[in-house]
Amino acid sequence: MNIGSLIRGMLGDAKTGDAKQLEMKTGQVVRGMVLSVSEDGQEAVVQIQGVKVRAMLETPLQEGQATLLQVQPPAAGGMLVLKPLSGSPNASLPRNRLPTC
């Protein structure tokens with residue numbers, strides 16, 4: 001817990017948080033949660049390791065879907081491209097994994 005930022009926030013002198021940096025390499029497999037999808041289904045905002053990432057999708061996904069994604073070479077404009085792994089037994093992961101008793 002960072003007491004200093006908590007006190008600054010209460011006093012109104014809060015700094016905007018440092019943006020998290022996420023380094024992904026072509027071929028890397030990550031777990032992502034789709035937060036929103038564009039009208040055409042080609043772009044989405046995906047949360048990966050707590051970081052919101054705007055990316056192009058090779059295959060359309062639905063909002064709220066959690067799945068394993070493979071990082072593809074960047075698109076012409078430098079935008080991240082993600083490909084859902086369909087052959088994996090964990091391709092579509094549940095949103096929350098709760099232990100069963």
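## Exercises on strands and salt bridges

A salt bridge joins the side chains of Glu 43 and Arg 54, with N and O 2.8 Å apart. Here a salt bridge is a side-chain nitrogen of Lys or Arg within 4 Å of a carboxyl oxygen of Asp or Glu. This is a predicted model, in which local features need pLDDT of at least 70 and side-chain atom pairs count only at pLDDT 80 or more, while totals for chains, interfaces and linings use all residues. Residues are numbered from 1 along each chain as its sequence is written, and side-chain values use heavy atoms, leaving out hydrogens and water.

**Exercise 1.** Work out which parts the pair Glu 43 and Arg 54 ties together.

*Solution.* Start with the strands, which are DSSP runs of at least two residues (helices, H or I, need at least four), numbered from the N terminus. Glu 43 belongs to strand E2 and Arg 54 to strand E3 (residues 51-57), so the pair links parts eleven residues apart in sequence. Next, look at accessibility: buried means under 20% relative accessible area, exposed over 50%, and partly exposed in between (1.4 Å probe, protein chains only). Glu 43 is partly exposed at 27%, and Arg 54 is exposed at 53%.

**Exercise 2.** Find how many salt bridges the whole structure has, and describe the one formed by Glu 23.

*Solution.* The search finds two. Glu 23 pairs with Lys 25, and their closest N and O atoms are 3.9 Å apart. Now check each partner: Glu 23 is exposed at 64%, and Lys 25 is exposed at 55%.

**Exercise 3.** Trace the strands that pair with E1 (residues 29-37).

*Solution.* Two strands pair if DSSP finds at least two bridges between them. Take E4 to begin with: five bridges join E1 to E4, and the two run antiparallel. Val 30 has Leu 69 in E4 as its bridge partner. Then take E2 (residues 43-48), which is antiparallel to E1 and joined to it by four bridges. Here Met 33 stands opposite Gln 47. Finally, follow the chain between E1 and E2: they form a hairpin with five residues between them, and Gly 41 in the turn has a positive phi of about 80°.

**Exercise 4.** Decide whether Gln 72 is buried or exposed, and list what it touches.

*Solution.* Gln 72 sits in strand E4 (residues 66-72). Its relative accessibility is 15%, so Gln 72 counts as buried. For contacts, meaning heavy atoms within 4.5 Å, leave out residues up to four places away in sequence: Gln 72 then touches Thr 26, Glu 58, Val 81 and Lys 83.
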